Amino acid sequence: MAWWDETGSVLGELADRVGPSVVGVEQRGTAGSGVVMEPGKILTNAHNLRGDSVDVAFPGGAAAKGRVVGVDVDGDLGVVAVETGSRPALQPSPAAGSLSLGAPVFALSNPGGMGLRVSLGFVSGTERSFRGPRGRRISGGTEHTAPLLPGSSGGPIVDASGGLLGINTNRLGEGFYLALPADEDLWARAAALGRGEAPSRPRLGIGVAPADMARRLRRAVGLPEADGLLVRHVDEDGPAGRAGIAEGDLIVAVDGRPVTEADDLHDALGAAREGSVTIAVVRGTEERSVSISLGATAA
């Protein structure tokens, strides 16, 4: 059998095996896809969800109203509760989170319920970063070349056996796509969302200006230029405010990690252990260290 015949056979088998678990979601004119993650629960992207209820379309024409039970906007994940019947939940592939360049992947989608699509591509990049719906950086994405129609985000990439490798979430120019790896971390977050648990992330309770603005403002008042994030606002009752951080301070490091952009600050806070960080700030010309017990905020 020629390779294209074998490939066609795999695509057909995946359509039969995995297809029933790939759904279309539509809400307020926004169309996307999703997957059955467990009985009665659909996993999709947060950017596909705009309210509390969503239309869910199953392959074969069945449709139902679903209820959004959990959304992680900064992680671009959302879970919808809906009657899934006997449709099987997708299971993670042993290769999820450890794909190598050139590995074949199969993408499935049901854009807004317009019908099942199946395509073949290859991993073209790993550990890619992109911006979530609110602009926060999401790291660890799998880049691949399986063609996808608009409305395919939230659908899966799988291996030849139907094991879930990732959740498609973003298009990169012409012919390249990004998926969130279906690793243990993703499944843990999805399970928490399915239980209605709001994700929380460490917060300082401050607003900051980017490094280029910080340099200009310091230069304007005769202070030496320095790389860092300028504190423009402080919540007096927040963790930073209680620790003595003030408007006009320049954050230059967190736990010894240099900070020159907001992503650096988010990454450092995400890596914090035991609920506290030590922040190096420059106030005027004096550098000082401030220990801060972190708070958390729902995403």
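**Close-up views of a predicted model**

**View 1. Strands E8 and E9 make a hairpin in this predicted model.** Five residues lie between the two strands, and one residue in the turn, Gly-135, has a positive phi of about 90°. Strand E8 and strand E9 pair in the antiparallel sense, with five bridges along the way. To find one of these bridges, start at Phe-130 and look across to its partner in E9, Ile-138. Remember that everything here comes from a predicted model, not an experiment.

**View 2. On to E8 and another pairing, this time with strand E7.** Strand E7 covers residues 104–109 and strand E8 covers residues 117–131. Six bridges hold this pair together on paper, again in the antiparallel sense. A handy spot to look at is Val-105, which stands opposite Gly-121 in E8. While you follow the strands, keep a general rule in mind: side chains in a regular strand alternate between the two faces of the sheet.

**View 3. Strands E10 and E11 form a hairpin too.** Here E10 is residues 156–158 and E11 is residues 164–172. The two run antiparallel and are joined by three bridges. Which residue stands opposite Val-158 in E11? That would be Leu-164. Between the strands there are five residues, and Gly-162 takes a positive phi near 90°.

**View 4. Follow E11 onward and you reach its hairpin with E12.** This turn has three residues between the strands, and Gly-173 in the turn has a positive phi of about 60°. Six bridges join E11 to E12, and the strands run antiparallel. For a bridge to pick out, try Gly-166 and its partner in E12, Pro-181.

**View 5. One more hairpin joins the set: E18 and E19.** E18 spans residues 276–283, E19 spans residues 286–293, and eight antiparallel bridges join them. Ala-280 has Ser-289 in E19 as its bridge partner. How many residues sit between these strands? Two, and Gly-284 takes a positive phi near 70° in this hairpin.

**View 6. Now for the largest pocket, with a volume of about 550 Å³.** Its lining has 22 residues, and those closest to the centre are Arg-137, Ile-138, Ser-139, Asp-185 and Arg-201. You have met Ile-138 already, as the bridge partner of Phe-130. Elements that give two or more residues to the lining are strands E9, E12 and E13 plus helices H2 and H5. H5 provides the largest share, with five residues. Sorted by type, the lining has ten charged, seven nonpolar and five polar residues.

**View 7. Zoom in on Arg-87 and Phe-58.** The charged end of Arg-87 sits over the ring of Phe-58, 4.0 Å from the ring's centre. If you go hunting for aromatic pairs as well, a search of the whole structure finds zero.

**View 8. How confident is the predictor?** The protein averages a pLDDT of 89, and 96% of the residues score at least 70. Confidence is highest in strand E3, residues 41–44, at 98. The lowest value belongs to strand E20, residues 295–298, with a mean of 59. As a general rule, predicted coordinates should not be read in detail where pLDDT is low.

Terms used: Residues numbered from 1 in each chain as written. Predicted model: local features only at pLDDT ≥ 70, side-chain atom pairs only at ≥ 80, totals over all residues. Heavy atoms only, no water. 1 Å grid on protein atoms, 1.4 Å probe; cavity = no way out; pocket = protein on both sides within 12 Å on 5 of 7 lines; lining within 4 Å. Points joined across faces, edges and corners; volume = space filled by probe spheres on them. Helix = DSSP H or I, 4+ residues; strand = E, 2+ residues; numbered from the N terminus. Nonpolar A, V, L, I, M, F, W, Y, C, P; charged D, E, K, R; others polar. Pairing = 2+ DSSP bridges. pLDDT = per-residue confidence, 0-100. Phe/Tyr/Trp six-rings, centres within 6.5 Å; stacked < 30°, edge-to-face > 60°. Lys NZ or Arg CZ within 6 Å of the ring centre and 35° of its normal.
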